[in-house]
Amino acid sequence: IGGGGAGCTAALTAREQGATVLLATKLRVGDSNTVMAEGGVQAAIQPEDSPIRHYLDTMRGGHFKNDPQLLKVLVEEGPPAIKWLLDLGVLFDRDETGLNLKVRSGGATSSPRLLTCRDYTGLEIMRVLKDALINEDIQILEYAPTVELFSDPQGFCTGAVLKNFDTNQFIVVAGK
């Protein structure tokens with residue numbers, strides 16, 4: 001559910017794992033907040049940096065109000081996520097040699113780890129994710145927002161009700 005960066009990434013990851021995927025989005029794929037992310041994305045990819053340093057910088061920057069477990073996952077999965085995006089074709093800025101990724105300092109960080117695509121990082125990421133969706137066997141249903149989620153007695157999501165704006169009909173989708 002969702003046609004932004006997170007929804008597209010979830011759809012592609014599920015497809016890579018062999019799932020049959022339907023991506024439903026309330027607007028068009030890519031009409032999301034992701035495309036407005038201009039400042040870049042941070043990940044500890046430099047040899048002198050580490051997820052631990054990234055974690056500590058982010059905890060300080062968040063005045064220690066961050067969710068520690070969530071932050072741990074985000075900083076640990078950041079470098080592999082950047083590699084995945086690079087493998088998909090995201091054109092992050094390179095240094096003057098054109099060989100190495102260009103990293104800049106972000107606000108109050110102890111090490112440069114900000115990756116950019118000029119000033120349209122989110123737009124570039126969505127361009128590549130959308131191309132990847134098209135090249136995979138993923139069914140896309142645009143203009144069909146989710147209006148209800150179904151869950152089993154244990155609380156696991158088992159499906160959704162979508163409203164197709166084109167036909168004005170409700171669609172029931174089962175999920176595993």
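Two strands count as paired if DSSP finds at least two bridges between them. With that in mind, strands S7 (residues 157-164) and S8 run antiparallel and are joined by 6 bridges. What you have in front of you is a predicted model, and this briefing walks through its sheets, its salt bridges and two buried loop residues.

**The S6-S7-S8 sheet**

- Three strands make up an open sheet with the order S6-S7-S8, and their pairing is antiparallel.
- Strand S6 (146-151) and S8 are the edge strands, and each has a single partner, so one side of each is left without a neighbour in the sheet.
- On average, neighbouring strands here are turned by 20 degrees against each other, direction ignored.
- If you follow S7 against S8, you will find Gly159 opposite Ala174, and Asn164 with Gln169 as its bridge partner.
- The hairpin of S7 and S8 has 4 residues between the strands, and Asn168 in this hairpin takes a positive phi near 60 degrees.
- Strand S8 (residues 169-174) is hardly covered, as the count of buried residues among its 6 residues is 0.

**The S2-S4-S3 sheet**

- Another open sheet of 3 strands has the order S2-S4-S3, again with antiparallel pairing.
- Strand S2 (41-42) and S3 stand at its edges with a single partner strand each, so each has one side without a neighbour in the sheet.
- S2 and S4 pair over 2 bridges in the antiparallel sense, and Val41 has Leu115 in S4 as its bridge partner.

**Salt bridges**

- The whole structure holds 8 salt bridges.
- One of them joins Asp49 and Arg113, whose closest N and O atoms are 2.8 Å apart.
- Asp49 sits in the loop between S2 and helix H2 (51-61), while Arg113 sits in the loop between S3 and S4, so this pair ties together parts that are 64 residues apart in sequence.
- Both Asp49 and Arg113 are buried, and they belong to a salt-bridge network that links Asp49, Asp57, Arg60 and Arg113.
- Within helix H3, Asp87 and Lys83 lie 4 residues apart, about one turn of the helix, and they form a salt bridge with closest N and O atoms 2.7 Å apart.
- Asp87 counts as exposed because its relative accessibility is 56%.
- Asp131 and Arg127 meet in a salt bridge at 3.7 Å, N to O; they are about one helical turn apart because 4 residues separate them in helix H4.
- Asp131 is partly exposed at 38% relative accessibility, and Arg127 is partly exposed at 39%.

**Two buried loop residues: Asp93 and Cys117**

- Asp93 belongs to the loop between helix H3 (68-88) and strand S3 (103-104).
- Although buried, Asp93 has no salt bridge: the nearest side chain of opposite charge is Arg118, 4.9 Å away, whereas a salt bridge needs the nitrogen and oxygen to be within 4 Å.
- Arg118 does offer Asp93 something else, since its backbone nitrogen lies 2.9 Å from a polar atom of the Asp93 side chain.
- Leaving out residues up to four places away in sequence, Asp93 touches Asn100, Leu101, Lys102, Thr116, Cys117 and Arg118.
- Cys117 lies in the loop between strand S4 (114-115) and helix H4 (121-135), and it counts as buried because its relative accessibility is 1%.
- With the same sequence neighbours left out, Cys117 touches Val90, Leu91, Phe92, Asp93 and Glu124.
- Cys117 and Val90 are 27 residues apart along the chain, and their C-alpha atoms are separated by 8.4 Å.

How values were computed. Residues are numbered from 1 along each chain as its sequence is written. This is a predicted model: local features need pLDDT of at least 70, side-chain atom pairs count only at pLDDT 80 or more; totals for chains, interfaces and linings use all residues. Side-chain values use heavy atoms; hydrogens and water are left out. Buried means under 20% relative accessible area, exposed over 50%, partly exposed in between (1.4 Å probe, protein chains only). Lys and Arg count as positive and Asp and Glu as negative; His and the chain ends are not counted. A polar contact is a pair of N or O atoms within 3.5 Å; within protein, one must be able to donate a hydrogen and the other to accept it, and residues adjacent in sequence count only if both atoms are side-chain atoms. Contact means heavy atoms within 4.5 Å. Axes are lines fitted to C-alpha atoms, for helices over the stretch in contact, and angles run from 0 to 180 degrees between N-to-C directions.
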